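Me: I've got a new structure open and plenty of questions about the labels people put on its parts. Could you walk me through them?

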Amino acid sequence: MNIDDTPVLDNHLHLDPVNGRNVAAAEEFAAQGGTHLLVLNKPSWHLVETATDEAIFREVFDLTVEAADDASDVLDGRTWPVLGVHPALISKLVDDGYTPPEARDIMQTGLDVAAEYVAEGRALGIKSGRPHYDVDDAVWEASNEVLCHGFERAADVGCAIQLHTEGGEDFETVAEWAEERGLDRTQVVKHYSGGRLQGPVKSVLADKDELEVAVETDEPFLMETDYIDDPDRPGAVLGPKTVPRRVRWLLENGHEDAVRTAHVETPKAVYGIDTEATLEQ
């Protein structure tokens, strides 16, 4: 088996149609054998301005949907937008004078809008989370309320949710919160995950060491770069070539089953997408 025989999905990549390389990054991904992308909106302040109302969220989401549509044109497969609210928005808002509950309400509004795009078929899933850095108790409480609101909205519209959170391996409690709100844990994805994770589905950063762990655990997983499309940080977090290169490496080392898990079976189970059928179209 070689890379031409399989779909290759980057589960978490950003395209910046305002300041970044945008479609050129997708072309670089495709040139290495990449076929499918999940395109996450960048934080609002990287594209337009700090989101404080529904209109700003819509502007950010529309830019991302358009970028994803344009990227589809250069792939043998296709892209899907995943829309939501970066958890660091709460700190931006609090720094600007909003209380944590006021910031929470703004962020929940953004998730409501994202769920609307999913319901209309304009996006595949929702993004939420909580800060990956130290915050005070009030901000942490408000952030967890935002996170749980994301679970509720994902359950309402029947979609998966990607989480941006602190590091670690034990997120069983977070998965339980999702289930309490009607969302199966198999539709909760922890982005920027290591090879081991308890609770949600892991989206493993395409690092060889972590991928080896993921293969050894023989559990569902996805692969990602978290490419941020920032001209000041080219290649960060990982460049768009990385997932296809890691797929090639996995195949060279005899891990065909793991490649199928990450690029066919887990995407279908989590998001309901068929990467093989969309590759044939």
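Me: Let's start inside. Which residues does Gln162 touch, not counting residues up to four places away in sequence?

Reply: Keep in mind that this is a predicted model. In it, Gln162 touches Asn11, His12, Leu38, Leu40, Val82, Ile126, Lys127, Ser128, Val189, His191 and Tyr271. Gln162 itself sits in strand β5, residues 161-164.

Me: Why is Gln162 called buried?

Reply: Buried means under 20% relative accessible area. Gln162 has 1%, so buried is the right word.

Me: And what makes the pair of Gln162 and Tyr271 a polar contact?

Reply: The two side chains come to 3.1 Å, and the cut-off for the N or O atoms is 3.5 Å. That fits, so the pair counts as a polar contact.

Me: How do you know whether Asp232 is buried or exposed?

Reply: Exposed takes over 50% relative accessible area. Asp232 has 70%, so Asp232 counts as exposed. You'll find Asp232 in the loop between β8 (221-224) and α9 (242-252).

Me: How far apart are Asp232 and Val259 in space?

Reply: They are 32 Å apart, C-alpha to C-alpha, with their positions 27 residues apart in sequence.

Me: On to charges. What makes Lys42 and Asp16 a salt bridge?

Reply: The general idea is that side chains of opposite charge can pair when their charged atoms come close. The test here is a Lys or Arg side-chain nitrogen within 4 Å of a carboxyl oxygen of Asp or Glu. Lys42 and Asp16 meet at 3.0 Å, N to O, so they pass. Lys42 is in the loop between β2 (36-40) and α2, while Asp16 is in the loop between β1 and α1 (23-31), so the pair ties together parts 26 residues apart in sequence. Both Lys42 and Asp16 are buried.

Me: What about Glu276 and Arg260: what makes that pair a salt bridge?

Reply: Their side chains meet at 2.8 Å, N to O, and the limit is 4 Å. So the pair qualifies. The salt bridge links distant parts of the chain, with Glu276 in helix α11 (residues 275-280) and Arg260 in helix α10 (residues 256-271), 16 residues apart.

Me: Why is Glu276 called partly exposed?

Reply: Partly exposed is the range between buried, under 20%, and exposed, over 50%. Glu276 has a relative accessible area of 28%, so that range is where Glu276 belongs. Arg260, at 35%, counts as partly exposed too.

Me: How many salt bridges are there in the structure?

Reply: The structure holds 18. One of them joins Asp105 and Arg104 at 3.0 Å, N to O. Asp105 has 39% relative accessibility, so Asp105 counts as partly exposed.

Me: Now the empty spaces. What makes the largest cavity a cavity?

Reply: As a general point, rolling a probe the size of a water molecule over the atoms shows where empty space is left. A cavity is where the probe fits but cannot get out, whereas a pocket is open. The structure holds one cavity of 30 Å³ or more, and the volume of the largest cavity is about 60 Å³.

Me: Which residues line the largest cavity?

Reply: Among them are Asn41, Trp45, Phe57, Phe61, Val85 and Leu89. Helix α3 gives the most, three residues. By class, the lining has seven nonpolar, four polar and one charged residue.

Me: What is the volume of the largest pocket, and which residues lie nearest its centre?

Reply: The volume of the largest pocket is about 340 Å³. Its lining has 16 residues, and Pro43, His46, His86, Ile228 and Arg233 lie nearest the centre. β1 (9-14) and α2 (44-47) each supply at least two lining residues. Sorted by class, the lining has five nonpolar, six polar and five charged residues.

Me: Which strand gives the largest share of the lining of the second largest pocket?

Reply: That's β6 (residues 188-193), with four residues. The second largest pocket has a volume of about 190 Å³, and its lining includes His132, His164, Glu166, Lys190, Tyr192 and Asp226. By class, that lining has one nonpolar, eight polar and three charged residues.

Note on methods:
Residues are numbered from 1 along each chain as its sequence is written. This is a predicted model: local features need pLDDT of at least 70, side-chain atom pairs count only at pLDDT 80 or more; totals for chains, interfaces and linings use all residues. Side-chain values use heavy atoms; hydrogens and water are left out. On a 1 Å grid over the protein atoms alone, a cavity is a set of points where a 1.4 Å probe fits but cannot get out, and a pocket is an open set with protein on both sides within 12 Å along at least five of seven lines; lining residues have an atom within 4 Å of a point. Grid points are joined across faces, edges and corners, and a volume is the space filled by probe spheres set on the points. Ala, Val, Leu, Ile, Met, Phe, Trp, Tyr, Cys and Pro count as nonpolar, Asp, Glu, Lys and Arg as charged, and the others, Gly among them, as polar. Buried means under 20% relative accessible area, exposed over 50%, partly exposed in between (1.4 Å probe, protein chains only). A polar contact is a pair of N or O atoms within 3.5 Å; within protein, one must be able to donate a hydrogen and the other to accept it, and residues adjacent in sequence count only if both atoms are side-chain atoms. Contact means heavy atoms within 4.5 Å.
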